[in-house]
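Here is a quick, friendly tour for anyone meeting this chain for the first time. Have a look at the picture, then read on.

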Amino acid sequence: VQLVESGGGLVQPGGSLRLSCSASGFTFSNYRMSWYRQAPGKERELVALIPSDGGMTNYADSVKGRFTISRDNAKNTVSLQMNSLKPEDTAVYYCRAYYNGFRRYEYWGQGTQVTVSS
């Protein structure tokens, strides 16, 4: 099982980044996918969530209207489009896969650094 994030980097306030997470080793289309982030000295927090069928998405209040989560079940990828970035968005961003059926399964990526600074 692998979740590999990409797309992080340094961006100026007001700028945009697009994160991608490529999945392998499990049936991606069965899993709910999420993006989390963790800033230095803070707990990991949920940023955005998308169900297995790509239906109703959910966002943290702090990113609503600025971030958009999407998935492509044919390509086993989930993305996070981040616009109007703020310095407080600086964190390591993690991709998470979760399945809760007869058994629970949970996988995490290694994270990608996003730094918003002028």
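## The chain from end to end

Strands here are DSSP runs of type E, at least two residues in length, and they are numbered from the N terminus. With that in hand, the protein chain reads β-β-β-β-β-β-β-β-β-β-β along its sequence. That makes 11 strands and zero helices. Keep in mind as you look around that this is a predicted model.

How does the radius of gyration of the protein chain compare with what the globule rule gives for 118 residues? The radius is 14 Å and the rule gives 13 Å, so the chain is as compact as a globular protein of that length. Its C-alpha atoms fill a box of roughly 45 × 25 × 25 Å along the principal axes.

## Inside and outside

Out of 118 residues, 40% count as buried. The accessible surface of the protein chain adds up to about 6,400 Å², and carbon and sulfur atoms hold 45% of that.

The contacts also say something about how the chain folds back on itself. Take the contacts with a separation of 6 or more: 53% of them link residues 24 or more positions apart.

## A four-strand open sheet

One part to pick out is an open sheet of four strands, ordered β1-β3-β8-β7, with antiparallel pairing. Which strands stand at its edges? They are β1 (2–6) and β7 (67–72), and each has a single partner strand, so one side of each is left without a neighbour in the sheet. On average, and ignoring direction, neighbouring strands of this sheet are turned by 15 degrees against each other.

In the middle of that order, β3 (residues 17–24) and β8 (residues 77–82) run antiparallel and are joined by six bridges. If you want one pair to find on screen, try Ser20, whose bridge partner in β8 is Ser79.

## Strand β9 and its partners

Now move to β9, which covers residues 91–100. Is this strand mostly enclosed or mostly open? Seven of its 10 residues are buried, so β9 is largely enclosed by the rest of the structure.

β9 has several pairings to trace. With β4 (residues 32–38) it pairs in the antiparallel sense over seven bridges, and there Gln38 stands opposite Val92 of β9. With β10 (residues 104–108) the pairing is again antiparallel, this time over five bridges; Tyr99 has Tyr105 as its bridge partner in β10. These two strands, β9 and β10, make a hairpin with three residues between them. Finally, three bridges join β9 to β11, and those two run antiparallel as well.

## Thr112, tucked in

Thr112 sits in β11 (residues 112–116), and it is the bridge partner of Tyr93. Its relative accessibility is 10%, and buried means under 20%, so Thr112 counts as buried.

What does Thr112 touch, leaving out residues up to four places away in sequence? The list is Glu5, Ser6, Gly7, Gly8, Leu19, Ala91, Val92 and Tyr93. With Gly8 there is also a polar contact: the Thr112 side chain reaches the backbone nitrogen of Gly8 at 3.3 Å.

## Arg104, out in the open

Arg104 belongs to β10. Its relative accessibility is 64%, and exposed means over 50%, so Arg104 counts as exposed. Apart from its neighbours within four places in sequence, Arg104 is in contact with Tyr98 and Tyr99. Its side chain also makes a polar contact of 3.4 Å with the side chain of Asn100.

For a sense of distance, look from Arg104 to Val114. They are 10 residues apart along the chain, and their C-alpha atoms are separated by 30 Å.

## Two loop residues with positive phi

Most residues other than glycine have a negative phi. Two loop residues go the other way here. Asn76, in the loop between β7 and β8, has a positive phi near 55 degrees. Ser84, in the loop between β8 and β9, has a positive phi of about 50 degrees.

Are these two buried, exposed or partly exposed? Asn76 counts as partly exposed at 23% relative accessibility, and Ser84 counts as partly exposed at 40%.

Definitions and conventions
Residues numbered from 1 in each chain as written. Predicted model: local features only at pLDDT ≥ 70, side-chain atom pairs only at ≥ 80, totals over all residues. Heavy atoms only, no water. Pairing = 2+ DSSP bridges. Axes fitted to C-alpha atoms, helices over the stretch in contact; angles between N-to-C directions. Rg over C-alpha atoms; globule rule 2.2 N^0.38 Å. Buried < 20%, exposed > 50% of the residue type's maximum accessible area, 1.4 Å probe, protein only. Contact = heavy atoms within 4.5 Å. Areas by Shrake-Rupley, 256 points an atom, 1.4 Å probe, with all protein chains shown as cover. Polar contact = N/O pair within 3.5 Å; in protein donor to acceptor, adjacent residues only side chain to side chain.
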